[in-house]
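Please look over the chain shown below. This report walks through its fold, its cysteine links, its core and its rings.

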Amino acid sequence: MKKTVLFCSALLTVPACQKESYVATYNYNDLTITSSYGRFAKDNASAQKKGQLEFKSDSRSVCRKEFGGGWSLSEIKNPGEMNCEETSDGYHCRIKDAQLSCKQVIDKGFGN
């Protein structure tokens with residue numbers, strides 16, 4: 001009985017030790033983008049909110065689109081500036097000159 005408990009305890013500690021020693025290595029690449037215009041709104045404030053929401057949504061996949069599979073958004077280094085336009089359909093906005101940092105895992109880093 002004691003041998004079984006000891007053996008099971010040893011099995012449980014091995015995965016825990018491996019998780020602690022995990023350190024991934026990444027490639028990083030910076031990117032400056034201007035998003036596409038968001039959906040139209042009747043007023044400028046609503047158009048800015050829509051433009052901001054669409055930028056946040058689109059920025060998650062822009063690294064993969066630009067650099068290929070395996071790349072993802074690491075952080076938004078500079079949120080850029082809001083750029084709005086008034087047309088006969090109403091207002092629409094975009095984010096201009098935002099700076100993103102993209103990352104790609106190059107080494108999963110299990111063990112030392």
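The notes below start with the whole chain and then turn to single residues.

**Ground rules**

This is a predicted model: local features need pLDDT of at least 70, side-chain atom pairs count only at pLDDT 80 or more, and totals for chains, interfaces and linings use all residues. Residues are numbered from 1 along each chain as its sequence is written, and side-chain values use heavy atoms, with hydrogens and water left out.

**Overall fold**

The protein chain has two helices and five strands. Their order along the sequence is α-β-α-β-β-β-β. Helices (H or I, at least four residues) and strands (E, at least two) are DSSP runs, numbered from the N terminus.

The protein chain holds 112 residues, and 23% of them are buried. Buried means under 20% relative accessible area, exposed means over 50%, and partly exposed lies in between (1.4 Å probe, protein chains only). The accessible surface of the chain is about 8,100 Å². Carbon and sulfur atoms account for 52% of that surface. These areas come from the Shrake-Rupley method with a 1.4 Å probe; for residues, only the protein chains shown count as cover.

Contacts (heavy atoms within 4.5 Å) are counted next. Of those between residues at least 6 apart in sequence, 74% join residues at least 24 apart.

**Disulfides**

How many disulfides does the structure hold? There are two. The criterion is a pair of cysteine sulfur atoms within 2.5 Å. Such a link is a covalent bond between the sulfur atoms of two cysteines.

| Pair | S to S distance | Citation basis |
|---|---|---|
| Cys63 and Cys102 | 2.0 Å | disulfide |
| Cys84 and Cys93 | 2.0 Å | disulfide |

With the bonded cysteines numbered in sequence order, the pairing is 1-4, 2-3.

The link of Cys63 and Cys102 is left-handed, because the torsion about its S-S bond is about -70 degrees. Cys63 lies in helix H2 (residues 44-67) and Cys102 in strand S5 (residues 98-107), so this pair ties together parts 39 residues apart in sequence. Cys63 is buried at 0% relative accessibility. Cys102 is buried too, at 0%.

The link of Cys84 and Cys93 is right-handed, with 105 degrees about the S-S bond. Cys84 is partly exposed, at 28% relative accessible area, whereas Cys93 is buried at 0%.

**The core**

Nonpolar side chains tend to be buried together in soluble globular proteins. A nonpolar core here is a set of buried Ala, Val, Leu, Ile, Met, Phe, Trp, Tyr and Cys residues joined through side-chain atoms within 4.5 Å. The largest one has 10 residues: Leu31, Ile33, Phe55, Val62, Cys63, Trp71, Ile95, Ala98, Leu100 and Cys102. Strand S1 (25-33), H2 and S5 are the elements that each give two or more residues to this core.

Cys102 has contacts beyond its neighbours within four places in sequence. Among them are Asn27, Tyr28, Asn29, Leu31, Cys63, Phe67 and Trp71. Ser72 and Ser74 are also on the list.

**Two loop residues**

Ser35 sits in the loop between S1 and H2. Is Ser35 buried or exposed? Ser35 counts as buried, at 11% relative accessibility. Outside its neighbours within four places in sequence, Ser35 contacts Phe55, Arg94 and Ile95.

Asp97 belongs to the loop between strand S4 (90-96) and S5. Most residues other than glycine have a negative phi. Asp97 is not a glycine, yet its phi is positive, at about 60 degrees. Asp97 is partly exposed, with a relative accessible area of 41%.

**Aromatic rings**

The structure has two aromatic pairs. Rings of Phe, Tyr and Trp (its six-membered ring) pair if their centres lie within 6.5 Å; planes under 30 degrees apart count as stacked, over 60 as edge-to-face and the rest as tilted.

Tyr26 and Tyr28 form a tilted pair, 6.0 Å centre to centre with 55 degrees between the planes. The centres of Phe67 and Trp71 are 5.1 Å apart and their planes stand at 45 degrees, so this pair is tilted. Phe67 is partly exposed at 29% relative accessible area, whereas Trp71 is buried at 10%.

Tyr26 is partly exposed, at 29% relative accessibility. The charged end of Lys103 sits over the ring of Tyr26, 4.7 Å from its centre. For this, NZ of Lys or CZ of Arg must be within 6 Å of the ring centre and within 35 degrees of the ring normal.
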